[in-house]
Amino acid sequence: MESPNPDRGASESPAGPESWNWDPESFRAHGHRAVDWVADYLARVGELPVLPAVRPGDVARGLPEHPPEHGEPFDALLSDLDRVVVPGLTHWNHPGFFAYFGITASGPGILGELVASAFNTNGMLWKTSPATTEVEQHVLRWMLEMFDLPRDWFPQLVDTASIGTLVALAAAREAQADLEIRKEGLAAPGHPRLRAYASEQAHSSVEKALITLGLGQAGLRKIPTDESFRMDVRALRQAVEEDRADGWRPFAVIATVGTTSTTSVDPVSEIADLCREHRLWLHVDAAYAGTAALLPEMRAHFAGCDRADSYLMNPHKWMFVPIDCSAFYTAHPDVLQRAFQLVPDYLRTEPAAHATDLMNYGVQLGRRFRAIKLWWVIRTFGVEGLRSRVREHCRLARELARWIGSDDRFEISAPAPFSTVCFRGRWPGLPDEGEDAANEDLARRVSGHGPVFLATTRLRGRTTLRLAIGNLRSEESHVRLAWELLQSEHAAAGENAG
Ligand SMILES: Cc1ncc(COP(=O)(O)O)c(C=O)c1O
């Protein structure tokens, strides 16, 4: 294939004391080489083993012990990607990556990152880079239309869902206005202890946020789930009432649309009713499944989400935007502002009409131009293009579930509403622990071949295999290969555990 870069292969300018100061032509030449390198990497990523064959310390041993005293030529940097980095990478871009939740560096997303770095703006205030703030909020409002969520929600990007949940719970805490926690802290005399509620299937970031906010692990009460791993709302009601009677101050419920292990969907409408009745902040974590709201046929799973006080989803999970990019929304920007606004003298500006200073709505001050990659992905795919990939992933998951259901050596372990299937190998005659070990072994064996990586989770105390389809490049052939490997390794995994 012909290289688009006429300079490719041209000899590198010698490194010298001035080598850091790239003039535009050096930048162009190096940039072309870097883009060529990336294009070649992406072209062959599907042929590499998903998991690297390295032991801890191997990668670091490939690096010089001391930093270079003098500048190095750009070629040396690129060749170390091949020599040191790629052999130590887990290839999240691989179409056979079926562990956790798949993520993808799509072309427009990668180039959006490049441009954002080139601008290197810091959008802490509107004034410090108006385009950084306005593109971010505008594109996030597009997404409200794309997902059919309330158009008047206040949007901002955060790096990850974990931070979005932290921001949400800080706002929920601030909403307990009579306690004046911002001013007095949590330990002021006479303060009740605050408690939040989430299902036992909620992501660990919820508990971590409460630890970080000083509410402690005791500040989270985990609510049992029904047979489909959905929060049991009767148990939630009972827990809230019990806690109130015992002197706790219930303040927030975190509902999940697409829990991490099984992608179950909490009954958000019923939870919203209860939140309204008890004046609790409702935060919805749709980190993974939020992308599925693109599909009209999936909207029923999002019923009640429009009543959330805060809501998040990760374009960096299933919407083909490179990590990190998490969309956070709230119906109460005033409460976020009460929680977070603290303007030092050097950042005071004349108030400008209709200008939003995003530093007042969260923990971070500095803010990069994270929206460009998201904007470019949406524009390049178009909403319909995004829908068709997500719809195809859901179809592949249904297909896989059908194959599993028709093989009596396997069983489905949970409903699969989106693109993730939980299942188990079965070995009649093996005790539970033996079957658990065999399932672990099966995942290891399948992943050990190279072209496929899948992980396990635990459901109701039992080891469960989990195949999550979310990478842009995953096709039916990759899912079929994973299934064939599962079938062909089943017997050996059972013998090993027996
Ligand atoms: C439901 C859910 N919430 C939150 C997270 C945390 O995401 P992040 O890595 O963006 O913090 C995950 C991660 O998989 C998740 O599945």
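UniProt positions are given in the numbering used here, and such annotations may be inferred rather than shown by experiment. In that record, an unreviewed entry places the feature "modified residue: N6-(pyridoxal phosphate)lysine" at Lys317. The structure examined is a predicted model.

Lys317 belongs to helix α11, which spans residues 315-318. A residue is buried if 20 or more other C-beta atoms lie within 10 Å of its own. Lys317 counts as buried because it has 26 C-beta neighbours inside 10 Å. Leaving aside residues up to four places away in sequence, Lys317 touches Phe101, Ile103, Ala287, Tyr288, Thr291 and Gly470.

The surroundings of the ligand were examined next. Around the ligand there are 15 residues, of which Thr160, Ala161, Ser162, His203 and Ala287 come nearest. Ala287 is thus one of the residues nearest the ligand and is also touched by Lys317. By class, the shell comprises 10 polar, 4 nonpolar and 1 charged residues.

Two sheets are described here. Strands of a sheet pair through backbone hydrogen bonds, in either the parallel or the antiparallel sense. One open sheet is formed by 7 strands in the order β1-β7-β6-β5-β4-β2-β3, with mixed pairing. Its edge strands, each pairing on one side only, are β1 (154-158) and β3 (220-223). On average, neighbouring strands of this sheet are turned by 20° against each other, direction ignored.

Both senses of pairing can be illustrated within this sheet. Strand β1 runs antiparallel to strand β7 (residues 326-330), and 5 bridges join the two; Gln156 stands opposite Phe328 in β7. Of the 5 residues of β1, 4 are buried, so this strand is largely enclosed by the rest of the structure. By contrast, strand β4 (residues 249-256) and strand β5 (residues 281-285) pair in the parallel sense over 5 bridges, and Ala252 has Trp281 in β5 as its bridge partner. Helix α8 (residues 204-212) lies across β2 (194-199), β3 and β4, and runs at about 160° to β3.

The other open sheet has 4 strands in the order β8-β9-β11-β10, with antiparallel pairing. Here the edge strands are β8 (410-412) and β10 (455-459), each of which pairs on one side only. From one strand to the next, the twist averages 40°. Within this sheet, strand β9 (residues 420-425) and strand β11 (residues 462-468) pair in the antiparallel sense over 4 bridges; the bridge partner of Phe423 is Leu465 in β11. Helix α13 (residues 371-405) lies across β8, β9 and β11, running at about 15° to β9.

Conventions
Residues are numbered from 1 along each chain as its sequence is written. This is a predicted model: local features need pLDDT of at least 70, side-chain atom pairs count only at pLDDT 80 or more; totals for chains, interfaces and linings use all residues. A residue is buried if 20 or more other C-beta atoms lie within 10 Å of its own, exposed if 12 or fewer, and partly exposed in between; C-beta atoms are placed from the backbone. Two residues are in contact if their C-beta atoms, placed from the backbone, lie within 7 Å. A residue is near a molecule or strand if its C-beta atom, placed from the backbone, lies within 6 Å of it. Ala, Val, Leu, Ile, Met, Phe, Trp, Tyr, Cys and Pro count as nonpolar, Asp, Glu, Lys and Arg as charged, and the others, Gly among them, as polar. Two strands pair if DSSP finds at least two bridges between them. Axes are lines fitted to C-alpha atoms, for helices over the stretch in contact, and angles run from 0 to 180 degrees between N-to-C directions.
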